[in-house]
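Visitor: I should like a close look at one part of this model, with its surroundings described afterwards.

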Amino acid sequence: MEIKSSTKYFAELVGTFSLVLFGCGAAVVSGISTTGPAGIGLLGIAIAFGVSVVVMAYAIGGISGCHINPAITIAMLTAGKIKAGEALGYIISQFIGATIAAGVLYCIQKGLPGWTPGEWALGSNGWGPGYLAEYNIASAFLAEAVLTFLFLFVIFGTTSKWGNGTMAGLAIGFTLVLIHLVAIPITGTSVNPARSFGPAIFAGGKALEQLWLFIVAPVVGGIAAAIVWRVLEKK
């Protein structure tokens with residue numbers, strides 16, 4: 001039975017909502033020392049993002065393919081695996097889901113005594129002076145583009161005729177964990193324009209000013225992976 005586009009769009013909205021709420025929520029709520037002896041730290045945040053993808057892959061993968069990331073959708077469009085109209089619906093749904101999740105997280109954090117948003121609030125991505133390890137813009141762009149390329153390469157590989165479809169969700173989720181372990185100190189890790197968009201909307205300031213990089217770099221990396229994969233498929 002063919003799945004309606006509206007059902008796919010709703011699945012993408014819920015999936016992206018979950019990714020942002022679990023991932024950014026882990027960083028904002030549990031990643032700091034006020035929640036325990038030392039918070040969950042970088043490894044815990046990386047696992048939260050990766051496991052979010054795993055659970056959503058098995059929850060909505062059969063409905064929409066579980067893109068929950070505009071860079072993935074654009075890469076799939078480039079590879080000819082999704083139609084333009086449906087891709088647009090996916091992307092809009094992903095941005096909406098991420099924004100709602102950031103709004104929910106913002107409302108939760110408002111209930112914490114003494115909480116003020118500050119720069120790059122709610123797990124926003126960024127770079128430069130004042131942001132985590134203070135990497136420059138060139139490092140931030142390179143990291144986001146290359147890591148998104150590798151992320152999409154794993155996605156294409158595990159979901160291809162050569163891959164193991166039953167294990168795809170785990171492979172993709174573990175790849176995202178690895179990506180976060182490398183990129184959190186550099187950019188906070190995006191590789192997903194929607195994931196960056198939601199928090200930046202509520203954080204404003206530098207997070208919003210720097211948002212363009214977390215839209216452009218992942219899309220560049222995703223398109224590059226799609227082109228490479230199309231070449232490999234023809235061999």
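Visitor: Are α2 and α6 roughly parallel or roughly antiparallel to each other?

Guide: The model is a predicted one: local features require pLDDT of at least 70 and side-chain atom pairs pLDDT 80 or more, while totals for chains, interfaces and linings use all residues. Residues are numbered from 1 along each chain as its sequence is written, and side-chain values use heavy atoms, with hydrogens and water left out.

The axes of α2 and α6 lie 8 Å apart, and the two helices pack at an angle of about 155°. The pair is therefore roughly antiparallel (an angle over 145 degrees, taken between N-to-C directions). Helices here are DSSP runs of H or I of at least four residues. In α2, the residues that meet α6 are L42, L43, I45, A46, I47, F49, G50, V53, V54, A57 and Y58. Their counterparts in α6 are G169, L170, I172, G173, L176, V177, H180, L181, I184 and P185.

L176 takes the view beyond this pair. With neighbours within four places in sequence set aside, L176 is in contact (heavy atoms within 4.5 Å) with L19, F49, G50, V53, F151 and V191. L176 also belongs to the largest nonpolar core (buried Ala, Val, Leu, Ile, Met, Phe, Trp, Tyr and Cys residues joined through side-chain atoms within 4.5 Å). That core has 50 residues, and L176 is one of those that touch the most other members, together with I68, F151, L152, I155 and F156. At least two of the core's residues come from each of α1 (5–30), α2 (41–64), α3, α4, α5, α6 (168–187), α7 and α9. Another core, of six residues, lies apart from it and includes W127, A140, A145 and L213.

The loop that joins α6 to α7 contains T189. Because its relative accessibility is 0%, T189 counts as buried (under 20%, against over 50% for exposed). A polar atom of the T189 side chain lies 3.0 Å from the backbone nitrogen of I184, and I184 is also among the α6 residues that meet α2. Apart from neighbours within four places in sequence, T189 has contacts with N125, E144, I179, H180, A183, I184 and R195.

Turning to α3 (residues 70–78), its buried residues are P70, A71, I72, T73, A75 and M76. These pack against α4 (84–109), α5 (137–158), α7 (193–203) and α9 (213–233). At the N-terminal end of α3, N69 acts as a cap, with a side-chain oxygen 2.8 Å from the backbone nitrogen of A71. After α3 comes G80, which has a positive phi near 80°.

Two of the partners of α3 also approach one another: the axes of α5 and α9 come within 7 Å and cross at roughly 40°, so these helices are oblique to each other (neither under 35, nor over 145, nor 65 to 115 degrees). In α4, another partner of α3, sits A101. Its relative accessibility of 0% is why A101 counts as buried. Beyond neighbours within four places in sequence, A101 is in contact with F17, V20 and L21.

P113, by contrast, is in the loop between α4 and α5 and counts as exposed because its relative accessibility is 74%. P113 and G198 are 85 residues apart along the chain, and their C-alpha atoms are separated by 23 Å.

Conventions: Buried < 20%, exposed > 50% of the residue type's maximum accessible area, 1.4 Å probe, protein only. Polar contact = N/O pair within 3.5 Å; in protein donor to acceptor, adjacent residues only side chain to side chain. Axes fitted to C-alpha atoms, helices over the stretch in contact; angles between N-to-C directions.
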